[in-house]
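Reader: I have a model open and want to learn to read its binding sites. Where do we begin?

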Amino acid sequence: MPTTCVIGILWGDEGKGKVIDYLAAETDFVVRFGGGHNAGHTLVLPPAIAGEGKLVLHLVPSGIVHAHAVNVIGNGVVVDPIHLCDEIEKLQKRGLRVELGDNLLVSERAHVILGAHQRQDQLAEQSRGSGRIGTTGRGIGPAYSDRCSRIGMRVGDLVRPEALRKVLTALVEQKNALFAQAGIDLLDFDSMYAELIAVGEKLRPGIVDAGLALRRAQSAGKRILLEGAQGCLLDLEHGTYPFVTSSHSSTGGAFSGTGLPPHEMRTIGIVKAYATRVGEGPFPTELHDDTAERLRAAGKEYGSTTGRPRRIGWFDTVAVRYSGGISGAKELVLTSLDVLQGFPLKMATAYRLADGTETLDMPAFDLETVEPQFVEMPGFDENICDVRDFDELPQNAKNYVAAIEEQTGMRISTVSVGPGRDQVIQR
Ligand code: GDP
Ligand code: IMO
Ligand code: MG
């Protein structure tokens, strides 16, 4: 199947970047279809590439390290053009080839995030008080809101001075009414216009009809890898609303966010061997004890975008089954199994609801009141980071993988045993 879609199964940070970098070796196009620079996708590369160590990508797709791959920022993404220029420059400084119009394309239909959206994001969070979402503060929600309100600015406007003037005039008027009410500094049209024209000039060679390019590539039989950001439980429609992001981060967004028509594809769900979440919102299997601290330290669980400590919990088969259903993923990559060395292996298999009944299905409401029902299995003490053959994993680790497959009905095709590109076990 020429198209593969990689989707985060829970609340993001499952290790999508590592898996996409791994899969990009055998693909022609790598395409982001949603979210913006709220994403943080980590690649840990061999020393010969981009200097030793990790590379965190926020907006540039995770295929950028592979010289042959064309990386596309699709129409479903919200693009902060200033951030994008900075990110490109940082990658180039690390010796990576990033050439707009050649191996990096940006959809002219993608919407623009302005500094004003970030301010609006922060104001909205302040006004939510204890009901805050814990956003990344990057202006994601307000930019998507403007798109829905049909007053948004598109990337193509950045290279059309008259169109830009028109859309910016309306946006400045709308934001200034809001900022005047909040008593914060007003926007200055002239300086914003000049900055956007300048950044548009820098991005001009890469601004294209990306949907058309992708449809042509698809017709020509090119291999396309769709890079999910965030995860199914942060999806605007299917996630733990309202504690979600503002895009369609499950598979549905892969079509609307690229301009590719719905078609059969291989959908791979990425899931950690335990659960994490950054920001606020319900998290049924969350741990609040010393085990959470130890797992956070062992897995280095701090946000790739904001540096916030990630909340930690046990594997949740109720949530994974649900996400498998909405994403269509029949196959999982199980990441960070190595982190569970020396820990008990625990997973939720059902939720008890407030009325005492048990369910195997993810409820849309009152998730904070459910009591997960756990099964516990004996753990393993061996370091598994260097294992490359599934049969050589400790028996208890293999039992855990088998139990997840049984509970979720999904096949674990790959197990990741460390952050490095080669630390994978294919089955
Ligand atoms: P993404 O947003 O889904 O791309 O994930 P992030 O990059 O935000 O977070 C995943 C973190 O786990 C990163 O620090 C990765 O380097 C790391 N990681 C990925 N796979 C593994 C693994 O199998 N084992 C360990 N120990 N770390 C991993
Ligand atoms: P990747 O692609 C983890 C979370 C935020 C917050 C909520 C809404 O790296 O997996 P937003 O700024 O999008 O309005 O915040 O969504 N969030 C993520 N959490 N990984 C991500 O991306 C995230 N992108 C957004 O923490 O709870
Ligand atoms: Mg991340």
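Author: Begin with burial. This is a predicted model. Buried means under 20% relative accessible area. Gly-40 has 10%, so Gly-40 is buried.

Reader: Which protein atoms are the donors of the magnesium ion (ligand 3)?

Author: A donor here is an N, O or S atom within 2.8 Å of the metal. The donors are Asp-13 (OD) and Gly-40 (O). They lie 2.0 to 2.2 Å from the ion. Now place them on the chain. Asp-13 sits in the loop between β1 (3-8) and α1 (16-24). Gly-40 sits in the loop between β2 (29-32) and β3 (41-45). The two are 27 residues apart, so the pair links distant parts of the chain.

Reader: How many residues surround ligand 2, and which are the closest?

Author: There are 21, and the closest are Lys-16, His-41, Thr-136, Gln-230 and Thr-245. The shell holds eight nonpolar, ten polar and three charged residues.

Reader: Which polar atoms lie by the oxygen atoms of ligand 2?

Author: Take three cases. A polar side-chain atom of Thr-136 is 2.6 Å from a ligand 2 oxygen. For Asp-13, a backbone N or O atom lies 2.8 Å from one. For Arg-308, a side-chain N or O atom is 2.9 Å from one. The protein covers 97% of the 550 Å² of accessible area that ligand 2 has on its own.

Reader: Away from the ligands, is Asn-176 buried or exposed?

Author: Buried, because its relative accessibility is 15%, and the cut-off is 20%. Asn-176 lies in helix α5 (residues 161-182). Its side chain reaches the backbone nitrogen of Leu-187 at 2.7 Å. Leaving out residues up to four places away in sequence, Asn-176 touches Leu-186 and Leu-187.

Definitions and conventions. Residues numbered from 1 in each chain as written. Chains lettered and ligands numbered in written order. Predicted model: local features only at pLDDT ≥ 70, side-chain atom pairs only at ≥ 80, totals over all residues. Heavy atoms only, no water. Donors = N, O, S within 2.8 Å, 3.2 Å for Na, K, Ca; no water. Helix = DSSP H or I, 4+ residues; strand = E, 2+ residues; numbered from the N terminus. Buried < 20%, exposed > 50% of the residue type's maximum accessible area, 1.4 Å probe, protein only. Near = heavy atom within 4 Å. Polar contact = N/O pair within 3.5 Å; in protein donor to acceptor, adjacent residues only side chain to side chain. Areas by Shrake-Rupley, 256 points an atom, 1.4 Å probe, with all protein chains shown as cover. Nonpolar A, V, L, I, M, F, W, Y, C, P; charged D, E, K, R; others polar. Contact = heavy atoms within 4.5 Å.
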